[in-house]
Amino acid sequence: MPATKEEVVELDFTFVHHQLGWYNTHQFEFDGEKGKIVIDYSCFAEPILAQKGKQDKPVCYYLVGFFKGFLETVYKTEWDVQETKCIAEGEKHCEFVMKSVGGA
Ligand SMILES: [Zn+2]
């Protein structure tokens, strides 16, 4: 069983979501205050790119909301999560940055 909150987040973000088929983790950095995850497949971006063509902004809202809700549930503080690059924009990866903004 994971011992720390950071280990819980890492296990969920890099392994569980992979098992669910939501994305493949390419890079993961997380220190409990901020983090970044880069994925090289997104089950949300690929169908939009295939059916509607290249988008002018990121489309993986589901993942942004999931990361934010997961972090806020584990840490009991508010988190800011943004998708800064998206496969649906024609990028090679989707990239998400997250940071704790404190509070409760
Ligand atoms: Zn995306």
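Two residues are in contact if their C-beta atoms, placed from the backbone, lie within 7 Å. By that rule, Lys 34 is in contact with Met 98, Lys 99 and Ser 100, leaving aside its neighbours within four places in sequence. This is a predicted model. The report starts with confidence, then turns to the sheet, the helices and a few single residues.

**Confidence**

The chain has a mean pLDDT of 93. Of its residues, 96% reach 70 or more. Among the elements, S3 has the highest mean pLDDT, at 98. Helix H1, residues 5-20, has the lowest, at 88.

**The sheet**

Four strands form an open sheet. Their order is S1-S2-S4-S3, and the pairing is antiparallel. Strand S1 (23-30) and S3 are the edge strands, and each pairs on one side only. From one strand to the next, the twist averages 20°.

The table lists the strand pairs.

| Strand pair | Sense | Bridges |
|---|---|---|
| S1 and S2 | antiparallel | 7 bridges |
| S2 and S4 | antiparallel | 6 bridges |
| S3 and S4 | antiparallel | 7 bridges |

Some residues show how the strands line up. Asn 24 stands opposite Tyr 41 in S2. Ile 39 stands opposite Cys 94 in S4. Trp 79 also has a partner in S4: Trp 79 stands opposite Ser 100.

S1 and S2 form a hairpin, with 3 residues between the strands. In this hairpin Gly 32 takes a positive phi, near 95°.

**Helices**

Where does helix H3 pack? H3 packs on the sheet, where it touches S3 and S4. The direction of H3 makes about 155° with that of S3.

H3 also packs against H1. Two packed helices are described by the angle between their axes and the distance between the axes. For H1 and H3 the angle is about 155°, and the axes are 10 Å apart. Angles over 145 degrees count as roughly antiparallel, so H1 and H3 are roughly antiparallel to each other. Their crossing is right-handed. On the H1 side, the contact is made by Lys 5, Val 8, Val 9 and Asp 12. On the H3 side, it is made by Phe 70, Leu 71, Val 74 and Tyr 75.

**Single residues**

Phe 15 has its place in helix H1. Is Phe 15 buried or exposed? Phe 15 is exposed, because it has 11 other C-beta atoms within 10 Å, and 12 or fewer count as exposed. Phe 15 and Lys 5 are 10 residues apart along the chain, and their C-alpha atoms are separated by 15 Å.

Lys 76 sits in the loop between helix H3 (61-75) and strand S3 (78-85). Lys 76 counts as exposed because it has 10 C-beta neighbours inside 10 Å. Its backbone also stands out. Most residues other than glycine have a negative phi. Lys 76 has a positive phi, near 60°, and is a residue other than glycine.

Thr 25 lies in strand S1. With 16 C-beta neighbours inside 10 Å, Thr 25 counts as partly exposed. Which residues does Thr 25 touch, not counting those up to four places away in sequence? Thr 25 touches Thr 14, His 18, Ile 37 and Ile 39. Thr 25 and Tyr 41 are 16 residues apart along the chain. Their C-alpha atoms are separated by 7.9 Å.

Lys 34, met at the start, lies in strand S2. Lys 34 is partly exposed, with 13 other C-beta atoms within 10 Å. Partly exposed is the class between 12 or fewer neighbours and 20 or more. Lys 34 and Val 97 are 63 residues apart along the chain, yet their C-alpha atoms are separated by 7.6 Å.

**In short**

The predicted model has an open sheet of 4 strands. H3 packs on that sheet and also packs with H1. Phe 15 and Lys 76 are exposed, whereas Thr 25 and Lys 34 are partly exposed.

Methods: Residues numbered from 1 in each chain as written. Predicted model: local features only at pLDDT ≥ 70, side-chain atom pairs only at ≥ 80, totals over all residues. Helix = DSSP H or I, 4+ residues; strand = E, 2+ residues; numbered from the N terminus. pLDDT = per-residue confidence, 0-100. Pairing = 2+ DSSP bridges. Axes fitted to C-alpha atoms, helices over the stretch in contact; angles between N-to-C directions. Parallel < 35°, antiparallel > 145°, perpendicular 65-115°, else oblique. Left-handed = near helix turned anticlockwise from the far one by under 90°.
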